[in-house]
Amino acid sequence: MSRRVGVLDYGSGNLHSACRALQAAGAKVVLSSDHAELTACDQLLVPGVGAFAACMDGLLAVGGDELVAGWVAAEKPLLGICVGHQILFGRGVEHGADAPGLGIFDGTVEQLGSERLPHMGWNTVEAPEGSHLFAGVEAERFYFVHSYGVHTAPADARVTWAEHGGDRFVAAVERGAVSSTQFHPEKSGEAGARLLRNWLGSTAG
């Protein structure tokens, strides 16, 4: 039976490409901002593109903070991608603006220290032993588009790293039923499709 995946629609880009990728991976997708519709799903994807503070504003406007908090408390599988990954952290500092995040993970999103920004294109990652997300794709490349990231590992989590211009940053996090990727799995070809299938096969806890 196909997993029902809710994709949280809070006005932040990359929705339809994410939905298509999930459908191609075998999921039944529900794109909505309605809490009742989303809560009835098996898994939740939180997308995001653009500025950290703007994404948080959009998320708060649809009560996404409460939805995510309830989802995490229920230990149901959740995946954040790109800025949807970033807003799971404690705060974001961008263009001088310091905005609070959801605080699911400890850490600060800040500008990468690389000379060439944005970090845009294909890059390898360093996945930890026992990673569920990266099973079978540990040595593959994934597609990144960002100028900001997290430089410290969240507590009690499996952390995947990547490097750009000598700057090492968090590429993905797995902790319990919560996972997130700085890169775009939906734009990462077969490696991204495999990662999404891995996530669709995940269970709570």
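**Strand pairing, helix packing and nonpolar cores**

A162 sits opposite F169, a residue of strand β12. This pair offers a friendly way into the predicted model, starting with the hairpin of β11 and β12. Strand β11 covers residues 158-164, while β12 covers residues 167-175. The two strands pair in the antiparallel sense, with seven bridges between them. Two residues lie between the strands of this hairpin, and G165 adopts a positive phi near 60°. Strand β11 is mostly covered, with five of its seven residues buried.

A second region of interest is an open sheet of four strands, arranged in the order β6-β5-β7-β10 with mixed pairing. Strands β6 (97-100) and β10 (148-150) stand at its edges; each has a single partner strand, so one side of each is left without a neighbour in the sheet. From one strand to the next, the twist averages 25°. Within this arrangement, β5 (residues 91-94) and β7 (residues 108-111) run parallel and are joined by two bridges. G92 has V109 in β7 as its bridge partner. Helix α3 (residues 52-61) lies across β5, β6 and β7, and runs at about 35° to β6.

Attention now turns to the nonpolar cores. The largest holds 31 residues, of which L44, L78 and I87 touch the most other members. At least two residues of this core are supplied by each of β3 (43-46), α3, α4 (64-73), β10, β11 and β12. The largest share comes from α3, which provides four residues. The surroundings of L44 can be spelled out in full: leaving aside residues up to four places away in sequence, L44 touches G6, L8, L38, L67, W71, P77, L78, L79 and W199. Another core, of 30 residues, lies apart from the largest one, and A172, F183, L195 and L200 are among its members.

Helix α4 shows a clear division between its sides. Its buried residues are G64, L67, V68 and W71. These four lie on the same side of α4, because they cover an arc of only 95° around the axis. The covering of these buried residues includes β1 (4-8), α2 (35-39), β3, α3 and β4 (78-81). Two of the buried residues, L67 and W71, also appear among the contacts of L44. On the face of α4 turned away from the buried side are the exposed residues E66 and A73. Just after the helix, E75 takes a positive phi of about 55°.

A final site worth a closer look is T181, which lies in strand β13 (residues 178-181). T181 counts as buried because its relative accessibility is 0%, and the cut-off for burial is under 20%. A polar atom of the T181 side chain lies 3.0 Å from the backbone oxygen of F183. With residues up to four places away in sequence not counted, T181 touches L79, G80, I81, C82, H85, L133, A171, A172 and L195. Among these contacts, A172 and L195 belong to the core of 30 residues, as does F183, the residue whose backbone oxygen lies 3.0 Å from the T181 side chain. L79, in turn, is touched by L44 as well as by T181.

How values were computed. Residues numbered from 1 in each chain as written. Predicted model: local features only at pLDDT ≥ 70, side-chain atom pairs only at ≥ 80, totals over all residues. Heavy atoms only, no water. Buried < 20%, exposed > 50% of the residue type's maximum accessible area, 1.4 Å probe, protein only. Pairing = 2+ DSSP bridges. Axes fitted to C-alpha atoms, helices over the stretch in contact; angles between N-to-C directions. Contact = heavy atoms within 4.5 Å. Core = buried A, V, L, I, M, F, W, Y, C linked by side-chain atoms within 4.5 Å. Polar contact = N/O pair within 3.5 Å; in protein donor to acceptor, adjacent residues only side chain to side chain. Arc of directions from axis to C-beta.
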